[in-house]
Amino acid sequence: MSRGPGGRTQLVAAAYRSAYGDFVHKLRTRYGADTTIVAVGAGQYSGHVQQVVRTRNEAGDSRVRYWFLDDSGLDFLGCDWHYSARDDRLVSGRLTSFIAGLPTGW
């Protein structure tokens with residue numbers, strides 16, 4: 001990879017994917033193969049998270065699932081553009097629906 005402006009961005013993205021992959025591996029080790037892990041992708045990081053999940057799935061770990069955090073309808077009126085209480089309720093509902101559709105056996 002080049003060390004120019006675009007190369008720096010690529011290095012940062014690769015480091016992010018590597019760190020996220022390590023985190024998912026740590027969760028898998030801690031909670032075992034029967035646990036479903038939901039990896040959340042949002043904004044500029046969504047593609048990187050999706051790639052980490054795809055890599056895990058291709059390696060045979062089908063219980064790592066990708067969930068795209070759709071920010072449509074969110075107001076980001078929390079402190080420093082974070083989610084507001086209203087946003088938290090919307091996200092919670094969306095995540096609950098996603099998890100309900102997984103074959104978790106719950």
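Contact here means heavy atoms within 4.5 Å, and the close-ups below all come from a predicted model.

**View 1. Valine 49 and the residues it touches.** Let's start with valine 49, which touches Tyr16, Tyr20, Ala39, Val40, Gly41 and Tyr66 once residues up to four places away in sequence are set aside. Val49 also belongs to the largest nonpolar core, as do Tyr20, Ala39 and Tyr66.

**View 2. The largest nonpolar core.** Step back from Val49 to take in the 10 residues of this core: Tyr20, Val24, Leu27, Ile37, Ala39, Val49, Val52, Val53, Val64 and Tyr66. Two or more residues come from each of H1, strand E1 (37–41), helix H2 (46–58) and E2. In soluble globular proteins, nonpolar side chains tend to be buried together.

**View 3. A tilted tyrosine pair in helix H1.** Of the 5 aromatic pairs in the structure, this one joins tyrosine 16 and tyrosine 20, with ring centres 6.0 Å apart and planes at 40 degrees. Both tyrosines sit in helix H1 (residues 5–31), 4 residues apart, or about one turn of the helix. Is each ring buried or partly exposed? Tyrosine 20 is buried because its relative accessible area, 17%, falls under the 20% limit. Tyrosine 16, at 27% relative accessibility, counts as partly exposed. Look around the pair and you will find Phe23 and Tyr45, which complete one aromatic cluster with Tyr16 and Tyr20.

**View 4. A tilted pair between strand E2 and helix H3.** Here tryptophan 67 meets phenylalanine 98, 6.2 Å centre to centre and with 35 degrees between the planes. Tryptophan 67 lies in strand E2 (residues 64–68) and phenylalanine 98 in helix H3 (residues 85–100), so their pairing ties together parts 31 residues apart in sequence. Tryptophan 67 is buried, its relative accessible area being 8%, whereas phenylalanine 98 is partly exposed at 23%.

**View 5. Arginine 28 and its contacts.** Back in helix H1, we come to arginine 28. What is its relative accessible area, and is arginine 28 buried or exposed? The value is 9%, so arginine 28 counts as buried. Its side chain is joined to that of aspartate 61 by a polar contact of 2.9 Å. Leaving out neighbours within four places in sequence, arginine 28 is in contact with Ala33, Thr35, Ile37, Arg56, Asp61, Arg63 and Val64. Two residues on that list, Ile37 and Val64, will be familiar from the nonpolar core of View 2.

Note on methods
Residues numbered from 1 in each chain as written. Predicted model: local features only at pLDDT ≥ 70, side-chain atom pairs only at ≥ 80, totals over all residues. Heavy atoms only, no water. Phe/Tyr/Trp six-rings, centres within 6.5 Å; stacked < 30°, edge-to-face > 60°. Buried < 20%, exposed > 50% of the residue type's maximum accessible area, 1.4 Å probe, protein only. Polar contact = N/O pair within 3.5 Å; in protein donor to acceptor, adjacent residues only side chain to side chain. Core = buried A, V, L, I, M, F, W, Y, C linked by side-chain atoms within 4.5 Å.
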